[in-house]
Amino acid sequence: MVSARGAAAQGGPRHALCGPAMSRLPQRGLVLAARGWRSAAVCKSCALRRFSIQPAQQKKIPNRYLGQPSPFTHPHLLKPGEVTPGLSQVEYALRRHKLMVLIQKEAQGWDSLDHTVILLSNPTYYMSNDIPYIFHQDTNFLYLCGFQEPDSILVLQSIPGKALPSHKSILFVPRRDPNRELWDGPRSGPDGAIALTGVDEAYTIEEFRHLVAKLKGDSNVVWYDLRKPVHAELHSDYMQPLAEVKARSKNRIQAVRHLVQNLRLIKSPAEIERMKIAGRVTAEAFTETMFASKTPVDEAFLYAKFEFECRARGADILAYPPVVAGGNRSNTLHYVKNNQLIKNGELVLLDGGCEFSCYVSDITRTWPVNGRFTKPQAELYQAVLDIQKSCLSLCSPGMSLENIYSLMLSLIGQKLKDLGVLESSITDSHFFKAVRKYCPHHVGHYLGMDVHDTPDISRSIPFQPGMVITIEPGIYIPEDDVSAPERFRGIGVRIEDDVVITEDAPLVLSADCPKDIYHLEQICGRSS
């Protein structure tokens, strides 16, 4: 997708928030966790210690439905110890630990202070009156705990007398309410939240006010994103009053969003496995959608076919409203009306992706709905494909999206000269302006839990293994562009793949999605 630039916790002590911190596992716990907690030999006394790098001693998942799938209710989706499909309690605990390591570095040289990280979940949004949209969790919150219910708060709190990154993790979640659960479905409650996610403690959301009262003092540093609160009501009820108090103290609230994004930028092996599945599912959905093309065909039909094929293969939702643009409409970059007929002889540009177990894909293909490229279509398409393959070859450590973008513009400019769209004598001072007229977007963006993932991270930073990006050059020639050769007018082409940066050759997650002219004509021609 192109981008433009309170009550007691159930099963816990009533005043646990005010009690002394308990001991932690020694540093070797990190090593054990990294190797896999199931296989590590941990003595009974160590297993009973709290606030560890590992999740709290694994508690039995309640034998009831929670507010999200659990290994008990959905064994076909989650293995024991997993919070979300493919991601274990240990993985989430390590993420929280890494965040506290970053905070430790940020706070180096500060006076000895207590640190508290606060992240809010998303609320439920409504399309009208009491009709909700499908709930989708805030991805920074989700990244750190895997909890998928609205109206919740995650707190990571340093432990008095212990140096960072030692901390305890606390979830504040909606109270169990039989009346609301009758209408909205089951809630996990504090006991379910602890057992599922492996956090150290959990309480009802009403109890959060007791913690807020403790954070007003000068000895507490609060890490929270004031500028972009994700939950307006929780922010106004709890965080805005706290921010007003902290604004008058020497320890103002510190932003945490950029630190979480730095962690999210580099994917773990488990995350890459999720993205491989998302890429494979989407590639198969594209192939089936190409095969279903015919003339004339409604854009809405291809939209529906693509979504069905993604969902039939296990995708949770589409990652974003897809672009299904026939003919000249492909020159509108974010065309999402998808309500026109695609005529015989026209190309269709489909930019789509799915979300699979919290991770997304983002692929674009352009093909002839009648199964055969015209000569001008083939010339323009092959030019974009050659450029894309050149850009893909540069996806290696040390390069950057900005580096590849500069190369893409140069390659597009040369191809446009070769095709007669640009004058061969165009001056250097006008060259890039002219190229950007025909490709007004960047070469790509970061990809992960969000389509435009980690948006605050510069595209100029060097690639590192584990980063995932898109590569999506395009050439767009509107039908009313009288300066372009007539044979190319009304044609828009974009080709987009998802790429993992590795130590060696780039790993193309969408490699199974056809894009060579021969393969596209073979698939689409069979349906005509």
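Author: In this predicted model, a residue is called buried when it has under 20% relative accessible area.

Reader: Why is strand β14 called mostly covered?

Author: Strand β14 spans residues 347–352, and six of its six residues are buried, which means that each of them falls under the 20% limit. The two directions can be followed as well: L347, L349 and D351 point one way from the strand, while V348, L350 and G352 point the other way, and all are buried. In a regular strand the side chains alternate between the two faces of the sheet.

Reader: What makes β12 and β17 partners of β14?

Author: Two strands pair if there are at least two bridges between them. Strand β12, residues 323–326, is joined to β14 by four bridges, and strand β17, residues 363–368, is joined to β14 by six, so both reach the required number. The sense is antiparallel for β12 with β14 and also for β17 with β14. To find these pairings in the structure, look for G326, which stands opposite V348 in β14, and for I363 in β17, the bridge partner of G352.

Reader: Why are β11 and β16 said to stand at the edges of their sheet?

Author: The sheet in question is open and has three strands in the order β11-β15-β16, with antiparallel pairing. β11 and β16 (359–360) each have a single partner strand, so one side of each is left without a neighbour in the sheet. β11 is joined to β15 by two bridges, so this pair meets the requirement of at least two. In β15, C354 is the bridge partner of L318.

Reader: What makes M408 a member of note in the largest nonpolar core?

Author: A nonpolar core is a set of buried residues of certain kinds, Met, Ile and Leu among them, joined through side-chain atoms within 4.5 Å. The largest such core has 70 residues, of which M408, I469 and I471 touch the most other members. Helix α12, residues 375–392, gives the largest share of this core, eight residues. Apart from it lies another core, of 53 residues, including L154, V221, M275 and M449. If neighbours within four places in sequence are set aside, the contacts of M408 are I387, C391, C439, H441, H442, V443 and P473.

Reader: How do you know that R64 and S188 come together in space?

Author: R64 lies in the loop between α2 (44–48) and β1. R64 and S188 are 124 residues apart in sequence, yet 9.1 Å apart in space from C-alpha to C-alpha. Contact is judged on heavy atoms within 4.5 Å, and S188 is among the residues that R64 touches, as are F72, T73, R176, R187, D191 and G192, not counting residues up to four places away in sequence.

Reader: Which residues count as the lining of the largest pocket, and which lie closest to its centre?

Author: A lining residue has an atom within 4 Å of a pocket point. The largest pocket has a volume of about 1600 Å³. Of its 45 lining residues, G67, F135, Q148, E149 and P150 are the closest to the centre. By class, the lining has 21 nonpolar, 12 polar and 12 charged residues, and α5 supplies the largest share, three residues. The second largest pocket, about 530 Å³ in volume, is lined by 29 residues, and Q137, D138, T139, N140 and D450 lie nearest its centre. Its lining divides into 14 nonpolar, eight polar and seven charged residues.

Notes: Residues numbered from 1 in each chain as written. Predicted model: local features only at pLDDT ≥ 70, side-chain atom pairs only at ≥ 80, totals over all residues. Heavy atoms only, no water. Buried < 20%, exposed > 50% of the residue type's maximum accessible area, 1.4 Å probe, protein only. 1 Å grid on protein atoms, 1.4 Å probe; cavity = no way out; pocket = protein on both sides within 12 Å on 5 of 7 lines; lining within 4 Å. Points joined across faces, edges and corners; volume = space filled by probe spheres on them. Nonpolar A, V, L, I, M, F, W, Y, C, P; charged D, E, K, R; others polar.
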